[in-house]
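Q: Hi! Could you walk me through how the two chains in this model meet?
A: Happy to. Let's bring it up first.

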2 protein chains.
Amino acid sequence: MAFSPLVKQLIEALRVLPGVGPKSAQRMAFYLLERERDGAQRLAQMLSLAIKQVGKCEKCRSLCEQPLCAICENKNRDRSLLCIVEGPAHLAAIEQTGGFHGIYFVLTGHLSPIDGIGPEDIGINELVAVLEEGTVKEVVLATNATVEGEATAYYIADLVKSFNIQATRIAHGVPMGGDLEYIDGGTLAKALADRATV
Amino acid sequence: MAFSPLVKQLIEALRVLPGVGPKSAQRMAFYLLERERDGAQRLAQMLSLAIKQVGKCEKCRSLCEQPLCAICENKNRDRSLLCIVEGPAHLAAIEQTGGFHGIYFVLTGHLSPIDGIGPEDIGINELVAVLEEGTVKEVVLATNATVEGEATAYYIADLVKSFNIQATRIAHGVPMGGDLEYIDGGTLAKALADRATV
């Protein structure tokens, strides 16, 4: 009632953003209209442009506007080492560590039978095509350490082994800098079970 | 490095939103590109449309796409009672209480001499024009209870009184439902000083 129709529609439209409720959307709308019309204009343009041009890399399925992404194009990456992640944000997180020099395959999330999300929905058919090429020697399963992420990792591990390719899983345990007093029991149990000789 | 140029630019553009840092912007960009292209398209359209069409009400200076906003157009509002707020979000908050039936005047924030923001920057000249019309009998100062909001209220109170119009300030004190144990000293002191006979 206190907002004009157009302002109300902008507030509604902003709620499409993840983590933005009615109050934040209202704050964003007022901020943009009162102080950042240039930035809002640029955001509108970038949204339109990105929606039109950004697609998926034909090989690893990460987001990019070229047929192949920069990582798949890079001749210096180890093509025998394939890391599987649940989404592009996870790919970015692993890249930021600087410790991985192989290539990636980006799933569309994880398996979730309860929501009707099966293997073909997360891109397993495309993964099979990559494995059939025969260059991959090891698949690193870097799905989340959640129930769904673990289930997805197990499913893919079975698939990978059927191609006689080695499947590995990223380590679970106490985070670096973590205080044992505040670590949950499940993590600590896993850390104990997976202890390594030093 | 891990993002394609267009994705990187979209992430940068999203950071114009208040309260959105690099991590949230990244999450938003991926979410929109992966799952909400329709919503993102609609957001882009609404941003462009709102920037083009939403201006300020000629009378109260709240955001609207018509020359006059719905409140200023409404013949049932009490035009002798003028409430002054720091921004459209505050107008919305007061409207939502349903307890105010006068009209509004929306400042562009508050006075802040240290940032070079003086009376003409927050719309005092336009306020004077409203006061000169002679219909307003009482001005309710509903600026924030911050140092700047208080200073702005005092400044406007002086101005209002020079027109022989009554100036009132919204009450400060213990919030409804508030536990005295957790109220800050300043608020409690103010609540004591402004105590009323029951």
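Q: Before we start, what counts as a polar contact?
A: A polar contact is a pair of N or O atoms within 3.5 Å; within protein, one must be able to donate a hydrogen and the other to accept it. Keep in mind that this is a predicted model.

Q: Okay, so how many residue pairs are in polar contact across the interface of chain A and chain B?
A: The rule finds eight such pairs, with both residues at pLDDT 80 or more.

Q: And how many salt bridges?
A: Zero across the interface of chain A and chain B.

Q: What kinds of residues are on the side of chain A that touches chain B, then?
A: By class, that side of chain A has 33 nonpolar, nine polar and eight charged residues.

Q: Which element of chain A gives the most to that side?
A: Helix H3(A), with 14 residues.

Q: How much area is buried between the chains?
A: About 5000 Å² between chain A and chain B, and carbon and sulfur atoms give 72% of that. Leu6(A), Pro18(A) and Ile51(A) supply 13% of what chain A buries against chain B, more than any other three residues.

Q: New topic: how does chain A lie on chain B?
A: A turn of 180° with a shift of 0.0 Å along the axis lays chain A on chain B, with an RMSD of 0.0 Å. The two copies are therefore related as by a two-fold rotation axis.

Q: Which C-alpha in chain A is nearest the axis?
A: That of Ala44(A), 2.1 Å from the axis.

Q: Why do we say the copies meet through the same surface?
A: Because 98% of the interface residues of chain A are also interface residues in chain B.

Note on methods: Residues numbered from 1 in each chain as written. Chains lettered and ligands numbered in written order. Predicted model: local features only at pLDDT ≥ 70, side-chain atom pairs only at ≥ 80, totals over all residues. Heavy atoms only, no water. Buried area = accessible area lost by both parts, 1.4 Å probe. Salt bridge = Lys/Arg side-chain N within 4 Å of Asp/Glu carboxyl O. Polar contact = N/O pair within 3.5 Å; in protein donor to acceptor, adjacent residues only side chain to side chain. Helix = DSSP H or I, 4+ residues; strand = E, 2+ residues; numbered from the N terminus. Nonpolar A, V, L, I, M, F, W, Y, C, P; charged D, E, K, R; others polar. Least-squares fit on C-alpha atoms with pLDDT ≥ 70 in both. Contact = heavy atoms within 4.5 Å.
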